[in-house]
Amino acid sequence: MAKVLVTGGAGYIGSHTLVDLIDHGHAVVSIDNYLNSDPSVYQSVEKITNSKIDYEDVDLKSMPDLKRVFEEHTFDAVIHFAALKSVGDSVENPLSYYENNIAGMVNLLKCLVEYGVENFIFSSSCSVYGNADELPVVESTPIGSAESPYARTKQIGEQIIADVSVAHPDIRFCVLRYFNPAGAHPSILIGESARNKANNLVPVITETAIGKRAALHVFGDNYDTRDGTCIRDYIHVMDLAHAHTLAVEYLIREKPQSIATFNLGSGTGSTVLEVIKTFEQVADQKLNFKMVDRRPGDVEAVYADYSLAKELLGWSPQLDLKDIMRTAWAWEQHRSK
Ligand code: UD1
(Lines give C-alpha, C1' and ligand atoms only; values in the text may rest on other atoms or scores of the structure.)
Protein backbone atom coordinates (compact mmCIF):
# COMPACT_ATOMS: atom_id res chain seq x y z
CA MET A 1 0.00 0.00 0.00
CA ALA A 2 1.27 3.47 -0.88
CA LYS A 3 0.29 6.78 0.66
CA VAL A 4 -0.37 9.19 -2.20
CA LEU A 5 -0.86 12.95 -2.26
CA VAL A 6 -3.25 13.88 -5.07
CA THR A 7 -3.28 17.55 -6.08
CA GLY A 8 -6.52 18.54 -7.78
CA GLY A 9 -8.31 15.51 -6.35
CA ALA A 10 -11.68 17.26 -6.58
CA GLY A 11 -11.30 17.70 -10.33
CA TYR A 12 -12.48 15.48 -13.12
CA ILE A 13 -9.56 13.08 -13.59
CA GLY A 14 -8.41 13.59 -9.99
CA SER A 15 -11.69 12.39 -8.43
CA HIS A 16 -11.82 9.27 -10.61
CA THR A 17 -8.21 8.56 -9.70
CA LEU A 18 -8.97 8.84 -5.96
CA VAL A 19 -11.56 6.10 -6.49
CA ASP A 20 -9.16 3.87 -8.42
CA LEU A 21 -6.32 4.31 -5.91
CA ILE A 22 -8.60 3.47 -2.98
CA ASP A 23 -10.13 0.52 -4.87
CA HIS A 24 -6.58 -0.83 -5.26
CA GLY A 25 -5.73 -0.51 -1.58
CA HIS A 26 -3.80 2.77 -1.50
CA ALA A 27 -4.21 5.63 0.99
CA VAL A 28 -4.90 9.09 -0.39
CA VAL A 29 -4.76 12.70 0.72
CA SER A 30 -6.30 15.22 -1.67
CA ILE A 31 -5.62 18.93 -1.93
CA ASP A 32 -7.50 21.37 -4.14
CA ASN A 33 -8.26 25.10 -4.36
CA TYR A 34 -11.69 24.50 -5.99
CA LEU A 35 -10.96 27.03 -8.71
CA ASN A 36 -12.68 24.74 -11.20
CA SER A 37 -14.18 22.05 -8.94
CA ASP A 38 -16.34 21.57 -5.87
CA PRO A 39 -15.55 19.88 -2.53
CA SER A 40 -18.92 18.09 -2.63
CA VAL A 41 -17.29 15.60 -5.02
CA TYR A 42 -15.52 14.04 -2.01
CA GLN A 43 -18.87 12.88 -0.60
CA SER A 44 -19.50 11.02 -3.85
CA VAL A 45 -16.02 9.50 -3.78
CA GLU A 46 -16.65 8.41 -0.19
CA LYS A 47 -19.95 6.85 -1.21
CA ILE A 48 -18.39 4.92 -4.11
CA THR A 49 -15.39 3.69 -2.12
CA ASN A 50 -17.11 3.37 1.24
CA SER A 51 -14.14 5.07 2.88
CA LYS A 52 -13.38 8.46 4.41
CA ILE A 53 -11.37 10.87 2.25
CA ASP A 54 -8.64 12.96 3.83
CA TYR A 55 -8.79 16.29 1.98
CA GLU A 56 -7.73 19.88 2.51
CA ASP A 57 -8.38 23.23 0.92
CA VAL A 58 -4.86 24.10 -0.23
CA ASP A 59 -3.71 26.29 -3.09
CA LEU A 60 -0.34 25.24 -4.52
CA LYS A 61 0.55 28.91 -4.79
CA SER A 62 0.60 29.14 -0.97
CA MET A 63 3.88 27.60 0.16
CA PRO A 64 3.07 27.72 3.92
CA ASP A 65 -0.19 25.80 3.37
CA LEU A 66 1.53 23.30 1.13
CA LYS A 67 4.37 22.72 3.59
CA ARG A 68 1.87 22.07 6.34
CA VAL A 69 0.47 19.14 4.33
CA PHE A 70 3.95 17.65 3.87
CA GLU A 71 4.70 18.14 7.57
CA GLU A 72 1.51 16.34 8.59
CA HIS A 73 1.97 13.33 6.30
CA THR A 74 4.70 11.11 4.89
CA PHE A 75 3.97 10.41 1.23
CA ASP A 76 5.27 7.63 -0.96
CA ALA A 77 4.15 9.44 -4.11
CA VAL A 78 2.56 12.63 -5.41
CA ILE A 79 0.18 12.72 -8.38
CA HIS A 80 -0.05 16.24 -9.70
CA PHE A 81 -3.33 17.08 -11.47
CA ALA A 82 -4.02 20.58 -10.14
CA ALA A 83 -3.91 22.87 -13.18
CA LEU A 84 -6.05 24.95 -15.48
CA LYS A 85 -6.93 23.18 -18.73
CA SER A 86 -8.92 25.24 -21.17
CA VAL A 87 -7.09 25.87 -24.43
CA GLY A 88 -9.22 28.91 -25.39
CA ASP A 89 -9.13 30.43 -21.89
CA SER A 90 -5.34 30.09 -21.84
CA VAL A 91 -5.07 32.27 -24.94
CA GLU A 92 -7.07 35.01 -23.17
CA ASN A 93 -5.52 34.60 -19.72
CA PRO A 94 -1.98 33.31 -20.19
CA LEU A 95 -0.69 34.69 -16.91
CA SER A 96 -3.15 32.75 -14.80
CA TYR A 97 -2.03 29.61 -16.68
CA TYR A 98 1.63 30.30 -15.95
CA GLU A 99 0.84 31.17 -12.35
CA ASN A 100 -1.31 28.11 -11.60
CA ASN A 101 0.33 25.53 -13.82
CA ILE A 102 3.97 26.53 -13.53
CA ALA A 103 4.43 28.41 -10.23
CA GLY A 104 2.18 25.87 -8.47
CA MET A 105 4.21 22.96 -9.82
CA VAL A 106 7.51 24.57 -8.78
CA ASN A 107 6.24 24.93 -5.20
CA LEU A 108 5.13 21.32 -5.19
CA LEU A 109 8.50 20.07 -6.47
CA LYS A 110 10.30 22.17 -3.84
CA CYS A 111 8.30 20.29 -1.21
CA LEU A 112 9.19 16.93 -2.76
CA VAL A 113 12.87 17.82 -2.49
CA GLU A 114 12.59 19.28 1.02
CA TYR A 115 10.51 16.44 2.46
CA GLY A 116 12.21 13.61 0.59
CA VAL A 117 9.23 12.29 -1.39
CA GLU A 118 10.59 9.91 -4.00
CA ASN A 119 7.89 9.51 -6.65
CA PHE A 120 6.15 12.12 -8.79
CA ILE A 121 3.52 11.67 -11.49
CA PHE A 122 2.74 14.55 -13.79
CA SER A 123 -0.44 15.13 -15.83
CA SER A 124 0.78 16.05 -19.25
CA SER A 125 -1.10 16.17 -22.49
CA CYS A 126 -0.99 15.02 -26.08
CA SER A 127 -1.07 18.73 -26.89
CA VAL A 128 2.74 18.71 -26.38
CA TYR A 129 3.04 17.00 -29.78
CA GLY A 130 1.32 19.88 -31.63
CA ASN A 131 0.66 18.91 -35.26
CA ALA A 132 2.69 15.70 -35.46
CA ASP A 133 4.07 14.58 -38.83
CA GLU A 134 3.42 10.91 -38.20
CA LEU A 135 0.45 9.18 -36.61
CA PRO A 136 -0.11 7.51 -34.25
CA VAL A 137 2.27 9.45 -32.01
CA VAL A 138 4.76 7.53 -29.88
CA GLU A 139 6.53 8.96 -26.84
CA SER A 140 9.63 9.68 -28.91
CA THR A 141 7.65 11.72 -31.46
CA PRO A 142 9.29 15.14 -31.35
CA ILE A 143 7.64 17.75 -29.14
CA GLY A 144 5.93 20.13 -31.54
CA SER A 145 5.32 23.83 -31.43
CA ALA A 146 2.74 24.50 -28.69
CA GLU A 147 -0.59 25.63 -30.16
CA SER A 148 -1.68 27.48 -26.98
CA PRO A 149 -0.35 28.81 -23.65
CA TYR A 150 -2.07 25.81 -22.02
CA ALA A 151 -0.07 23.41 -24.20
CA ARG A 152 3.07 25.42 -23.48
CA THR A 153 2.57 25.03 -19.71
CA LYS A 154 2.54 21.25 -20.24
CA GLN A 155 5.72 21.40 -22.31
CA ILE A 156 7.39 23.58 -19.68
CA GLY A 157 6.18 21.23 -16.94
CA GLU A 158 7.90 18.35 -18.73
CA GLN A 159 11.08 20.42 -19.08
CA ILE A 160 11.07 21.35 -15.41
CA ILE A 161 10.86 17.64 -14.61
CA ALA A 162 13.80 16.91 -16.93
CA ASP A 163 15.95 19.50 -15.13
CA VAL A 164 14.87 18.48 -11.63
CA SER A 165 15.51 14.82 -12.38
CA VAL A 166 19.15 15.61 -13.18
CA ALA A 167 19.68 17.64 -10.01
CA HIS A 168 17.71 15.19 -7.83
CA PRO A 169 18.29 11.65 -9.12
CA ASP A 170 16.72 10.27 -5.93
CA ILE A 171 13.28 11.40 -7.20
CA ARG A 172 11.56 9.17 -9.80
CA PHE A 173 9.29 10.80 -12.36
CA CYS A 174 6.46 9.61 -14.51
CA VAL A 175 4.97 11.84 -17.21
CA LEU A 176 1.51 10.79 -18.42
CA ARG A 177 0.40 12.31 -21.71
CA TYR A 178 -3.39 12.18 -21.81
CA PHE A 179 -5.30 12.18 -25.04
CA ASN A 180 -8.99 13.20 -24.80
CA PRO A 181 -10.48 12.03 -21.49
CA ALA A 182 -14.26 11.65 -21.40
CA GLY A 183 -17.04 9.62 -19.76
CA ALA A 184 -17.93 9.12 -16.10
CA HIS A 185 -17.68 6.58 -13.29
CA PRO A 186 -20.22 3.77 -13.92
CA SER A 187 -22.01 4.62 -10.65
CA ILE A 188 -22.77 8.06 -12.21
CA LEU A 189 -21.94 9.60 -8.82
CA ILE A 190 -18.93 11.44 -10.27
CA GLY A 191 -18.22 12.81 -13.73
CA GLU A 192 -17.04 15.98 -15.39
CA SER A 193 -18.50 18.92 -13.48
CA ALA A 194 -16.17 21.85 -13.99
CA ARG A 195 -17.31 25.23 -12.70
CA ASN A 196 -16.15 26.82 -15.92
CA LYS A 197 -18.27 26.49 -19.04
CA ALA A 198 -17.66 23.19 -20.81
CA ASN A 199 -15.88 23.49 -24.13
CA ASN A 200 -14.70 19.94 -24.72
CA LEU A 201 -16.56 17.96 -27.32
CA VAL A 202 -18.21 15.25 -25.20
CA PRO A 203 -19.76 17.55 -22.54
CA VAL A 204 -20.83 19.95 -25.29
CA ILE A 205 -22.61 17.05 -27.02
CA THR A 206 -24.45 15.96 -23.87
CA GLU A 207 -25.33 19.55 -22.94
CA THR A 208 -26.79 20.06 -26.41
CA ALA A 209 -28.76 16.83 -26.22
CA ILE A 210 -30.30 17.76 -22.88
CA GLY A 211 -31.23 21.24 -24.10
CA LYS A 212 -28.69 23.42 -22.28
CA ARG A 213 -27.41 24.50 -25.69
CA ALA A 214 -29.36 25.03 -28.87
CA ALA A 215 -26.84 23.36 -31.19
CA LEU A 216 -23.39 21.84 -31.29
CA HIS A 217 -20.97 23.72 -33.49
CA VAL A 218 -18.61 21.42 -35.35
CA PHE A 219 -15.37 23.36 -35.74
CA GLY A 220 -14.32 22.84 -39.34
CA ASP A 221 -15.31 20.30 -41.98
CA ASN A 222 -12.49 20.92 -44.45
CA TYR A 223 -9.61 19.18 -42.68
CA ASP A 224 -7.64 16.55 -44.55
CA THR A 225 -9.37 13.65 -42.76
CA ARG A 226 -11.84 10.93 -43.84
CA ASP A 227 -14.92 13.15 -43.30
CA GLY A 228 -13.28 16.57 -43.06
CA THR A 229 -13.58 16.91 -39.26
CA CYS A 230 -10.72 16.70 -36.74
CA ILE A 231 -9.50 13.38 -35.41
CA ARG A 232 -8.89 12.82 -31.69
CA ASP A 233 -8.32 9.87 -29.40
CA TYR A 234 -11.08 9.64 -26.75
CA ILE A 235 -10.12 7.70 -23.65
CA HIS A 236 -12.50 6.72 -20.85
CA VAL A 237 -11.70 8.56 -17.62
CA MET A 238 -11.82 5.27 -15.65
CA ASP A 239 -9.14 3.76 -17.88
CA LEU A 240 -7.10 6.92 -17.47
CA ALA A 241 -7.56 6.89 -13.70
CA HIS A 242 -6.33 3.32 -13.45
CA ALA A 243 -3.14 4.21 -15.32
CA HIS A 244 -2.22 6.49 -12.40
CA THR A 245 -2.51 3.65 -9.91
CA LEU A 246 -0.32 1.51 -12.16
CA ALA A 247 2.17 4.39 -12.53
CA VAL A 248 2.50 4.77 -8.74
CA GLU A 249 3.05 1.03 -8.38
CA TYR A 250 5.53 1.02 -11.28
CA LEU A 251 7.67 3.85 -9.88
CA ILE A 252 7.78 2.28 -6.42
CA ARG A 253 8.47 -1.25 -7.74
CA GLU A 254 10.87 -0.58 -10.63
CA LYS A 255 12.61 2.60 -9.42
CA PRO A 256 13.29 3.62 -13.06
CA GLN A 257 16.52 5.57 -13.54
CA SER A 258 15.11 7.82 -16.25
CA ILE A 259 11.83 9.72 -16.59
CA ALA A 260 9.05 7.30 -17.52
CA THR A 261 6.83 8.95 -20.15
CA PHE A 262 3.64 7.28 -21.39
CA ASN A 263 0.93 8.05 -23.92
CA LEU A 264 -2.51 7.32 -22.49
CA GLY A 265 -5.01 7.04 -25.30
CA SER A 266 -7.23 4.36 -26.78
CA GLY A 267 -5.09 4.01 -29.88
CA THR A 268 -8.10 4.80 -32.07
CA GLY A 269 -8.67 8.10 -33.80
CA SER A 270 -12.30 9.24 -34.13
CA THR A 271 -13.59 12.18 -36.13
CA VAL A 272 -15.99 14.69 -34.59
CA LEU A 273 -18.78 13.30 -36.81
CA GLU A 274 -18.04 9.74 -35.67
CA VAL A 275 -18.26 10.82 -32.03
CA ILE A 276 -21.61 12.50 -32.74
CA LYS A 277 -22.86 9.36 -34.50
CA THR A 278 -21.82 7.16 -31.58
CA PHE A 279 -23.70 9.45 -29.22
CA GLU A 280 -26.80 9.30 -31.42
CA GLN A 281 -26.68 5.49 -31.39
CA VAL A 282 -26.15 5.17 -27.67
CA ALA A 283 -28.70 7.82 -26.64
CA ASP A 284 -31.11 6.86 -29.43
CA GLN A 285 -31.71 10.46 -30.40
CA LYS A 286 -30.64 12.90 -33.10
CA LEU A 287 -28.26 15.68 -32.16
CA ASN A 288 -28.69 19.19 -33.46
CA PHE A 289 -25.36 20.22 -34.93
CA LYS A 290 -24.05 22.55 -37.58
CA MET A 291 -20.75 23.07 -39.33
CA VAL A 292 -18.92 26.28 -38.48
CA ASP A 293 -15.41 27.66 -39.07
CA ARG A 294 -12.31 26.02 -37.70
CA ARG A 295 -11.41 26.78 -34.07
CA PRO A 296 -8.05 28.56 -33.78
CA GLY A 297 -5.37 26.39 -32.20
CA ASP A 298 -6.96 23.04 -33.12
CA VAL A 299 -4.64 20.38 -34.48
CA GLU A 300 -5.96 18.37 -37.42
CA ALA A 301 -5.44 14.86 -36.10
CA VAL A 302 -3.80 13.15 -33.17
CA TYR A 303 -4.09 9.66 -31.68
CA ALA A 304 -1.91 7.48 -29.52
CA ASP A 305 0.31 4.51 -29.78
CA TYR A 306 0.05 3.25 -26.19
CA SER A 307 2.26 0.16 -26.52
CA LEU A 308 4.82 1.48 -24.03
CA ALA A 309 2.18 1.83 -21.29
CA LYS A 310 1.00 -1.66 -22.17
CA GLU A 311 4.48 -3.12 -21.95
CA LEU A 312 5.77 -1.37 -18.82
CA LEU A 313 2.62 -0.55 -16.83
CA GLY A 314 0.52 -3.48 -18.00
CA TRP A 315 -2.15 -0.91 -18.97
CA SER A 316 -4.62 -1.14 -21.78
CA PRO A 317 -8.00 0.53 -22.18
CA GLN A 318 -10.96 -1.63 -21.16
CA LEU A 319 -13.72 0.72 -22.30
CA ASP A 320 -14.55 2.10 -25.76
CA LEU A 321 -16.23 5.14 -27.30
CA LYS A 322 -19.69 3.68 -26.73
CA ASP A 323 -18.92 3.26 -23.00
CA ILE A 324 -17.69 6.84 -22.97
CA MET A 325 -20.87 8.19 -24.55
CA ARG A 326 -23.14 5.97 -22.45
CA THR A 327 -21.63 7.08 -19.13
CA ALA A 328 -21.27 10.73 -20.20
CA TRP A 329 -24.93 10.80 -21.21
CA ALA A 330 -26.07 9.11 -17.98
CA TRP A 331 -23.98 11.61 -16.00
CA GLU A 332 -25.51 14.57 -17.88
CA GLN A 333 -29.01 13.30 -17.20
CA HIS A 334 -28.15 12.73 -13.53
CA ARG A 335 -26.64 16.18 -12.92
CA SER A 336 -29.39 17.98 -14.80
CA LYS A 337 -32.14 16.53 -12.62
C1 UD1 B 1 -7.27 19.86 -26.05
C2 UD1 B 1 -5.91 19.23 -25.97
C3 UD1 B 1 -5.86 18.25 -24.83
C4 UD1 B 1 -6.28 18.91 -23.58
C5 UD1 B 1 -7.69 19.44 -23.74
C6 UD1 B 1 -8.07 20.17 -22.47
C7 UD1 B 1 -4.97 19.06 -28.21
C8 UD1 B 1 -4.71 18.18 -29.38
N9 UD1 B 1 -5.62 18.51 -27.20
O10 UD1 B 1 -8.13 18.89 -26.49
O11 UD1 B 1 -4.55 17.78 -24.69
O12 UD1 B 1 -6.24 17.99 -22.52
O13 UD1 B 1 -7.70 20.37 -24.82
O14 UD1 B 1 -9.28 20.82 -22.62
O15 UD1 B 1 -4.59 20.21 -28.17
N16 UD1 B 1 -15.11 20.34 -31.09
C17 UD1 B 1 -16.17 20.78 -31.85
N18 UD1 B 1 -17.16 21.50 -31.23
C19 UD1 B 1 -17.11 21.79 -29.89
C20 UD1 B 1 -16.02 21.32 -29.12
C21 UD1 B 1 -15.03 20.60 -29.77
O22 UD1 B 1 -16.25 20.55 -33.05
O23 UD1 B 1 -18.02 22.48 -29.40
C24 UD1 B 1 -14.05 19.55 -31.75
C25 UD1 B 1 -12.69 20.23 -31.72
O26 UD1 B 1 -12.51 21.04 -32.82
C27 UD1 B 1 -11.78 19.00 -31.72
C28 UD1 B 1 -12.56 17.93 -30.98
O29 UD1 B 1 -13.92 18.35 -31.04
O30 UD1 B 1 -11.58 18.58 -33.03
C31 UD1 B 1 -12.15 17.77 -29.56
O32 UD1 B 1 -12.09 19.05 -28.92
P33 UD1 B 1 -11.93 19.22 -27.35
O34 UD1 B 1 -12.82 18.27 -26.65
O35 UD1 B 1 -12.07 20.66 -27.06
O36 UD1 B 1 -10.47 18.72 -27.04
P37 UD1 B 1 -9.08 19.08 -27.73
O38 UD1 B 1 -9.07 20.49 -28.21
O39 UD1 B 1 -8.74 18.00 -28.67
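Which residues line the second largest cavity? They are H80, F81, A82, A83, N101, I102, F122, S123, T153 and K154. The model is a predicted one. Its secondary structure amounts to eleven helices and 13 strands. The radius of gyration is 19 Å, close to the 20 Å that the globule rule gives for 337 residues, so the protein is as compact as a globular protein of that length. The C-alpha trace spans about 55 × 45 × 40 Å along its principal axes.

**Ligand site**

- The shell around the ligand holds 23 residues. S125, L201, H217, R232 and D298 come nearest.
- By class, this shell divides into 13 nonpolar, six polar and four charged residues.
- R232 makes a side-chain contact: an N or O atom of its side chain lies 2.5 Å from an oxygen atom of the ligand.
- L201 makes a backbone contact. One of its polar backbone atoms is 2.7 Å from a ligand oxygen.
- F219 also uses its backbone. Here a polar backbone atom is 2.9 Å from an oxygen atom of the ligand.
- On its own, the ligand has 740 Å² of accessible area. The protein covers 92% of that area.
- Two elements give two or more residues to the shell: helix 7 (201–210) and strand 8 (216–219).
- Strand 8 provides the largest share of the shell, four residues.
- L201, one of the nearest residues, lies in the 201–210 range of helix 7.
- H217, another of the nearest residues, lies in the 216–219 range of strand 8.

**Largest cavity**

- The structure holds two cavities of 30 Å³ or more. The largest has a volume of about 90 Å³.
- Its lining consists of Y12, A182, G183, A184, E192, V202, P203, T206, A328, W331, E332 and R335.
- Helix 7 and helix 11 (321–335) each supply at least two of these residues.
- Helix 11 gives the most, with four residues.
- Helix 7 thus has two roles to note. It contributes to the shell around the ligand, and it contributes to the lining of the largest cavity.
- The lining has seven nonpolar, two polar and three charged residues.

**Second largest cavity**

- This cavity has a volume of about 50 Å³.
- Its lining includes the consecutive stretch H80, F81, A82 and A83. Also among the lining residues are the pairs N101 and I102, F122 and S123, and T153 and K154.
- Helix 5 (94–115), strand 5 (119–125) and helix 6 (149–167) are the elements that give two or more residues to this lining.
- By class, the lining has five nonpolar, four polar and one charged residues.

**Second largest pocket**

- About 250 Å³ of space lies in the second largest pocket.
- The pocket is lined by 17 residues. Closest to its centre are A194, N196, K197, A198 and N199.
- The lining divides into five nonpolar, six polar and six charged residues.

**Linings by class**

- What is the make-up of the ligand shell by class? It has 13 nonpolar, six polar and four charged residues.
- For the second largest pocket, the counts are five nonpolar, six polar and six charged.
- The largest cavity has seven nonpolar, two polar and three charged lining residues.
- In the second largest cavity, the lining comprises five nonpolar, four polar and one charged residues.

Technical notes: Residues are numbered from 1 along each chain as its sequence is written. This is a predicted model: local features need pLDDT of at least 70, side-chain atom pairs count only at pLDDT 80 or more; totals for chains, interfaces and linings use all residues. Side-chain values use heavy atoms; hydrogens and water are left out. On a 1 Å grid over the protein atoms alone, a cavity is a set of points where a 1.4 Å probe fits but cannot get out, and a pocket is an open set with protein on both sides within 12 Å along at least five of seven lines; lining residues have an atom within 4 Å of a point. Grid points are joined across faces, edges and corners, and a volume is the space filled by probe spheres set on the points. Ala, Val, Leu, Ile, Met, Phe, Trp, Tyr, Cys and Pro count as nonpolar, Asp, Glu, Lys and Arg as charged, and the others, Gly among them, as polar. A residue is near a molecule or strand if one of its heavy atoms lies within 4 Å of it. A polar contact is a pair of N or O atoms within 3.5 Å; within protein, one must be able to donate a hydrogen and the other to accept it, and residues adjacent in sequence count only if both atoms are side-chain atoms. Accessible areas come from the Shrake-Rupley method with a 1.4 Å probe; for residues, only the protein chains shown count as cover. The radius of gyration is taken over C-alpha atoms; the globule rule is 2.2 Å times the number of residues to the power 0.38.
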